[in-house]
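Let's take a walk through this model together, going from one side chain to the next. Keep the viewer open so that you can follow along.

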Amino acid sequence: MLSRRVLRTKVVKAVYAHKQREDLTPAVSEKNLLASIDKAYDLYFHLLALVPEIAEYAAERIRIGENKKLPTYDDLHPNRKFIENKVIVRLAEDEELQAQLQSRKLSWANNRDLVVALYNALIRQPFYQRYMLSEERSFREDAQLVSDIYMTMLEEFEPLENALEEQSALWNDDLGFLLTMVSRTVLSMREAHDKIKLIPQFKSDEDLDYAKSLLRNAVASYERISLLLDNSMKNWDIERVALMDQIILITAIAEAENFPSIPVRVTMNEYIDIAKYYSTDSSSSFINGVLDRVITQLTEEGKIVKSGKGLL
C-alpha cells in the first residue's frame with residue numbers, strides 16, 4: 001500500500017503547486033492530489049507487467065533462432081529457464097492483474113525499444129547469468145530473480161525513467177517506492193496459490209482521509225503558519241527561506257496541529273527526511289531546528305495536543 005511517507009510527499013508537492021499557480025482553488029488542488037495518488041497506484045500495476053514483456057521478447061528471440069534456415073546448436077537448444085520462470089508466467093496470466101491493466105489502460109506495447117534495452121541490460125547482469133546457469137528449478141529461485149530485476153536493475157535505468165516521464169509527469173518521483181511494492185508482491189507469491197495477492201492502494205480508508213485533510217489544513221493555514229514561522233526565526237526573513245523549505249515547514253506544522261494521534265517525533269522525522277530528498281543539502285538541519293522550536297512553543301501554548309501513550 002502507499003505509505004504515509006508517499007502521501008506526505010504528495011501533499012507537500014500539492015501545496016507547492018497550489019502556491020505556484022494563482023488559478024488553483026483548494027478544490028482543484030485536492031483533485032490534483034487525488035489524481036497523483038491514483039497515478040502512483042497505476043504505476044504499481046504497470047511495473048508488474050514489465051518483466052513479462054521482457055520475457056516475451058526473450059521468447060521471440062528464441063523462436064527466431066529456431067526458425068533460421070541454418071540454426072546453430074544453441075539456436076535449437078536454447079536455455080528456456082527465463083521464459084519458463086513460473087513467477088513471470090503467473091504475472092502474465094493472473095486474471096486480476098490483467099483486469100487492472102485493462103481497466104487502467106496500461107500497456108508497454110508502444111515501448112518496444114525500452115523492452116529491447118531492458119533485455120540487453122538484463123543478460124549482462126551477474127545475478128541473471130548465475131540464475132541461467134543454475135540447475136535449480138524452484139519457485140523461490142524464480143521469485144528471487146524477478147525481485148532482483150526490479151530492485152537491482154530498474155530504479156536507475158535511464159531508458160525506463162524516460163519512458164515513464166513521457167507517459168506521466170506524475171510518475172517522476174514514484175519509481176523507487178513502487179519498485180519496492182512490486183518486489184514485495186513478487187516475494188510474497190507462493191507456488192501453491194493460484195492468485196497473486198496484490199497490494200491494496202491504502203492500508204485503510206483513513207489514509208486517504210488523512211492526505212485530503214492534511215492538504216486542506218496546510219492550504220487553509222498557510223498564511224497564519226507563515227507568520228508564525230517568521231516570528232519564530234531570529235535573524236531570518238521568511239521570504240528568504242527557500243519556497244520548498246517553507247512548504248515543508250508549513251505542512252509539518254499543519255500535521256502536528258491537526259492530527260492528535262500522530263506523535264510529534266514521527267511528524268518531525270518524516271518531514272526532515274522529505275527535506276533531505278526534495279530541498280537543499282542544508283535544509284534538513286534547518287527544518288529540524290525550526291520545527292523543534294515552533295512545535296515546542298505551540299505545545300506549551302496548548303495548541304498542539306497529542307492523545308494516547310507515547311505521543312508527546
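**From a buried threonine to the salt bridges**

A good place to begin is helix α11, which spans residues 175-187 and contains Thr-185. Keep in mind as you look that this is a predicted model. Is Thr-185 buried or exposed? Its relative accessibility is 1%, and because buried means under 20%, Thr-185 counts as buried.

Which residues does Thr-185 touch, leaving aside those up to four places away in sequence? They are Tyr-44, Leu-48, Ile-196, Lys-197 and Ile-199. With Tyr-44 there is also a polar contact, made between the two side chains at 2.6 Å.

Now turn to the charged side chains. How many salt bridges does the structure hold? There are 22, and we can visit a few of them.

Start with Lys-39 and Asp-42, whose side chains form a salt bridge with an N to O distance of 3.9 Å. That value fits the definition because the cut-off is 4 Å. Both residues sit in helix α2 (residues 26-48), and since they are three residues apart, about one helical turn separates them. Their surroundings can be compared through accessibility: Lys-39, at 23%, is partly exposed, whereas Asp-42, at 11%, is buried.

The next pair is Arg-80 and Glu-66, joined by a salt bridge in which the closest N and O atoms are 3.5 Å apart. Here distant parts of the chain are linked: Glu-66 belongs to helix α3 (residues 50-66), while Arg-80 is in the loop between α4 (73-76) and α5 (86-93), 14 residues apart. Arg-80 is partly exposed, at a relative accessible area of 33%, and Glu-66 is partly exposed with a relative accessibility of 33%.

Where do the partners lie in the salt bridge between Arg-137 and Glu-84? Their side chains meet at 3.7 Å, N to O. Arg-137 is in the loop between α8 (126-133) and α9 (139-153), and Glu-84 is in the loop between α4 and α5, so this pair ties together parts 53 residues apart in sequence. Arg-137 is partly exposed at 48% relative accessibility, and Glu-84 is partly exposed at 41%.

To finish, look for a group of charged residues rather than a pair. Arg-5, Arg-8, Glu-255, Glu-270, Asp-273 and Lys-276 are connected to one another in a network of salt bridges.

Methods
Residues numbered from 1 in each chain as written. Predicted model: local features only at pLDDT ≥ 70, side-chain atom pairs only at ≥ 80, totals over all residues. Heavy atoms only, no water. Helix = DSSP H or I, 4+ residues; strand = E, 2+ residues; numbered from the N terminus. Buried < 20%, exposed > 50% of the residue type's maximum accessible area, 1.4 Å probe, protein only. Polar contact = N/O pair within 3.5 Å; in protein donor to acceptor, adjacent residues only side chain to side chain. Contact = heavy atoms within 4.5 Å.
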